[in-house]
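Thanks for asking me to look this one over. Below are my notes as numbered points, to be read with the structure open beside them.

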Amino acid sequence: MKKLFILLMILAAVCFVGVWIYQTQRLKKNAQAKIGKGQVVMNWGLIILFVIGLVGTFTAPGDKTSEPAEHHPANEHATKVSKAQSSSESAAAASASSSQAASSSSASSSSASSSSSSQLQVDFPTDVSLNKTGDATVSFKAPANTQFEIKDSNNNVVTTLNGNAQGADQTYNFKKPGKYHVTAHNGDQTIDKDLTVRGIGQ
């Protein structure tokens, strides 16, 4: 509708200018020529049409004005659906992440318990006393090929017992009382224990 008013205004303006030029040239050629009633009516008609077109251009609703209002609810609905999908996806991702964390935690705990159960097993007395001759013989029981390293309280290596393929007990004769630290190695497994050697009669 607005386009029609604009077209009417343009046509009226063009026609009015054309008529005005024609009348001006006519008067220049013949100063005594009279303007007829028909020309006056035409001029006023063109002016009225121009004013109508001008007013209609500013007052008539545009062709696309109603479109945003009609599509606005649809856009709002699409936005809400998109937000809902995003939140549901976030919740699913969080749930998957927590499930993965739980699985990982459970796997690590089962791995820890498996490692604990497969830990190197060694057996020897951890508190002994020197006998009357000043000796304390300690027997170390462990799987085959287990190596023992014995250090004193100053972290000095006292001795190293190399394991054997048969897994026979290994012995060491302590002659000095004190605190000792025993480390057993078997492949990639290691275990540490403390051993106390007391004086004669203690």
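1. Let me start inside strand β6, with Ala184. This alanine is buried, with a relative accessible area of 1%. The model is a predicted one, and that figure is computed from its coordinates, as are the others below. A handy distance to check from here is the one to Asn162: the two C-alpha atoms are 10.0 Å apart in space, while the residues are 22 apart in sequence.

2. The strand that holds Ala184, β6, belongs to an open sheet of five strands. Reading across, the order is β1-β7-β6-β3-β4, and the pairing is mixed. β1 and β4 are the edge strands; each has a single partner, so one side of each has no neighbour in the sheet. From one strand to the next the twist averages 25 degrees. As a general reminder, the strands of a sheet pair through backbone hydrogen bonds, in either a parallel or an antiparallel sense.

3. At one end of that order come β3 and β4. Strand β3 covers residues 147-151 and strand β4 residues 157-161, and the two pair in the antiparallel sense over four bridges. If you want a register check, look at Phe148, whose bridge partner in β4 is Leu161. The two strands form a hairpin with five residues between them.

4. Which residue in the turn of that hairpin has a positive phi? It is Asn155, with a phi of about 70 degrees. Asn155 sits in the loop between β3 and β4, and at 52% relative accessibility it counts as exposed, the cut-off being over 50%. Asn145 also deserves a look, since its phi is near 65 degrees, again a positive value in a residue other than glycine. Asn145 is placed in the loop between β2 and β3. For context, most residues other than glycine have a negative phi, so I would have both on my list when going through the backbone angles.

5. Next, β2 and β5. These strands run antiparallel and are joined by five bridges. Ser139 stands opposite Thr171 in β5. The two faces of β2 are distinct: Ala136, Val138 and Phe140 make up the covered face, whereas Thr137 and Ser139 make up the uncovered one. Ser139 therefore belongs to the uncovered face of β2 and has its cross-strand neighbour in Thr171.

6. How many salt bridges does the structure hold? There are three. One joins the side chains of Arg198 and Asp127, with N to O at 2.9 Å. Arg198 is in strand β7 (residues 189-198) and Asp127 in strand β1 (residues 127-129), so this pair ties together parts that lie 71 residues apart in sequence. Both partners are partly exposed: Arg198 has 35% relative accessibility, and Asp127 has a relative accessible area of 43%.

7. Another salt bridge links the side chains of Lys175 and Asp135, with an N to O distance of 2.8 Å. Here both residues are in loops: Lys175 lies between β5 (170-174) and β6 (178-186), and Asp135 between β1 and β2 (136-140), so the pair connects parts that are 40 residues apart in sequence. The partners sit on opposite sides of the accessibility scale. Lys175 is exposed, at 53%, whereas Asp135 is buried, at 17%.

8. There is also a salt bridge between Lys151 and Glu149, where the closest N and O atoms are 3.9 Å apart. The cut-off for a salt bridge is within 4 Å, so you may like to keep the distance of 3.9 Å in mind when using this pair. Glu149 is partly exposed, with a relative accessible area of 24%.

9. Last come the helices. Helix α1 (residues 2-29) and helix α2 (residues 37-59) have axes that come within 8 Å of each other and cross at roughly 150 degrees. That angle makes α1 roughly antiparallel to α2. The crossing of α1 past α2 is left-handed. Sorted by class, their contact has 17 nonpolar, six polar and two charged residues.

Terms used: Residues are numbered from 1 along each chain as its sequence is written. This is a predicted model: local features need pLDDT of at least 70, side-chain atom pairs count only at pLDDT 80 or more; totals for chains, interfaces and linings use all residues. Side-chain values use heavy atoms; hydrogens and water are left out. Axes are lines fitted to C-alpha atoms, for helices over the stretch in contact, and angles run from 0 to 180 degrees between N-to-C directions. Angles under 35 degrees count as roughly parallel, over 145 as roughly antiparallel, 65 to 115 as roughly perpendicular and the rest as oblique. A crossing is left-handed if the near helix is turned anticlockwise from the far one by less than a right angle, and right-handed if clockwise. Ala, Val, Leu, Ile, Met, Phe, Trp, Tyr, Cys and Pro count as nonpolar, Asp, Glu, Lys and Arg as charged, and the others, Gly among them, as polar. Buried means under 20% relative accessible area, exposed over 50%, partly exposed in between (1.4 Å probe, protein chains only). Two strands pair if DSSP finds at least two bridges between them.
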